[in-house]
Amino acid sequence: MKCNIAVIALLLSACSSQSEVSYYQLPPVAAQSNNAQAVHLSAGKQLWIESVTVADFLSGPGIAFQTSDVKYTVAKNNLWGSSLDQQLKQALTDNLSVLLPGRVVSGQLVSGHDADVLRVTVTGFQGRYDGYAIVSGYWMLQSDNKIIRRPFNIEAPLQKDGYDELVYSLANAWHKESVDIANALKN
């Protein structure tokens with residue numbers, strides 16, 4: 001009898017001590033244009049963002065955090081609201097659409113038209129033990145008969161503790177990389 005009461009008490013305490021799960025989406029950072037633009041493909045090439053891929057440890061639902069130079073942990077209760085690769089691709093598409101007026105920037109290829117192809121690989125998108133948000137990887141642009149490959153590594157200091165601050169800092173760093181990509185495409 002005492003054993004049954006102890007088991008019931010343990011189960012009830014376990015249920016009541018579960019942490020609340022929080023979901024995060026990257027906020028828009030670029031000045032968004034609310035005006036629909038009609039862009040003629042003849043005015044400039046389409047920029048097709050073919051893929052944004054993330055490292056395996058970033059592909060799950062939890063937000064990653066680097067706890068030492070060699071150790072990473074993935075949150076169980078602080079999760080991405082949708083897959084990180086989808087969020088990054090959508091944010092990059094939105095940012096480049098604003099930063100490259102007159103170009104059609106899309107996650108889908110418009111058939112029958114000449115397009116530059118952008119592929120991005122994200123190897124780091126996490127918080128770090130020393131109070132920085134880390135965004136790293138490389139991108140490749142295939143344009144005409146040439147391929148440009150550029151690495152990126154952004155370390156943005158966090159102003160406060162917490163996942164909200166981390167997500168805002170990661171979004172700002174991703175926007176900074178969008179600006180760098182846009183500047184490279186303009187040259």
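**Entry 1: the core**

I began with the largest nonpolar core, and I count 39 residues in it. Leu96, Leu118, Val122, Phe125 and Trp174 are the members with the most contacts inside this core. A reminder to myself: this is a predicted model.

Next I asked which elements supply the core with at least two residues each. My list reads β2 (46-54), β3 (62-66), α2, β6 (115-128), β7 (132-143), β8 (146-157) and α3. Helix α3 gives the largest share, 10 residues.

**Entry 2: Trp174**

I then looked up what Trp174 is in contact with, leaving aside neighbours within four places in sequence. From α2 I noted Leu88, Ala91 and Leu92. The other partners of Trp174 are Val52, Val120, Val122, Phe125, Val135 and Phe152. Val122 and Phe125 were already in my notes, as they are listed with Trp174 among the core residues with the most contacts.

**Entry 3: α2 against α3**

Two packed helices are described by the angle between their axes and the distance between the axes. I looked up both for α2 (residues 84-99) and α3 (residues 163-186): the axes come within 9 Å and cross at roughly 50°. I wrote down "oblique" for α2 relative to α3, because the crossing angle falls in that class. The crossing is right-handed.

Which residues meet here? On the α2 side I found Leu88, Ala91, Leu92, Asn95, Leu96 and Leu99. On the α3 side I found Trp174, His175, Ser178, Val179, Ile181, Ala182 and Lys186. By class, this contact has 9 nonpolar, 3 polar and 1 charged residues. Leu96 and Trp174 take part in this helix contact, and both are named among the core residues with the most contacts.

**Entry 4: Val167**

I stayed on α3 and moved to Val167, which lies in this helix. Is Val167 buried or exposed? Its relative accessible area is 4%, so I marked Val167 as buried. Not counting residues up to four places away in sequence, Val167 touches Tyr24, Gln25, Leu26, Pro27, Ile63 and Trp80. Gln25 is 142 residues away along the chain, yet the C-alpha atoms of Val167 and Gln25 are separated by 7.8 Å.

**Entry 5: Arg103**

Arg103 is in the loop between α2 and β5 (104-106). I checked its accessibility and got 18%; the cut-off for buried is under 20%, so Arg103 counts as buried. I also looked up its spacing from Leu47: the two are 56 residues apart in sequence and 7.0 Å apart in space, C-alpha to C-alpha.

**Entry 6: Ser143 and Asp144**

These two follow one another, so I took them as a pair. Ser143 lies in strand β7, and Asp144 has its place in the loop between β7 and β8. Ser143 is buried at 10% relative accessible area, whereas Asp144 counts as exposed at 57%. Ser143 touches Lys45 and Asp116, not counting residues up to four places away in sequence. For Asp144 I noted a phi near 55°, a positive value in a residue other than glycine.

**Entry 7: the whole chain**

Last, I stepped back to the protein as a whole. How many helices and strands are there? I count 3 helices and 8 strands, and from the N terminus on they run α-β-β-β-β-α-β-β-β-β-α. Of the 187 residues, 37% are buried. Among contacts between residues at least 6 apart in sequence, 67% join residues at least 24 apart.

Terms used. Residues are numbered from 1 along each chain as its sequence is written. This is a predicted model: local features need pLDDT of at least 70, side-chain atom pairs count only at pLDDT 80 or more; totals for chains, interfaces and linings use all residues. Side-chain values use heavy atoms; hydrogens and water are left out. Axes are lines fitted to C-alpha atoms, for helices over the stretch in contact, and angles run from 0 to 180 degrees between N-to-C directions. Helices (H or I, at least four residues) and strands (E, at least two) are DSSP runs, numbered from the N terminus. Angles under 35 degrees count as roughly parallel, over 145 as roughly antiparallel, 65 to 115 as roughly perpendicular and the rest as oblique. A crossing is left-handed if the near helix is turned anticlockwise from the far one by less than a right angle, and right-handed if clockwise. Contact means heavy atoms within 4.5 Å. Ala, Val, Leu, Ile, Met, Phe, Trp, Tyr, Cys and Pro count as nonpolar, Asp, Glu, Lys and Arg as charged, and the others, Gly among them, as polar. A nonpolar core is a set of buried Ala, Val, Leu, Ile, Met, Phe, Trp, Tyr and Cys residues joined through side-chain atoms within 4.5 Å. Buried means under 20% relative accessible area, exposed over 50%, partly exposed in between (1.4 Å probe, protein chains only).
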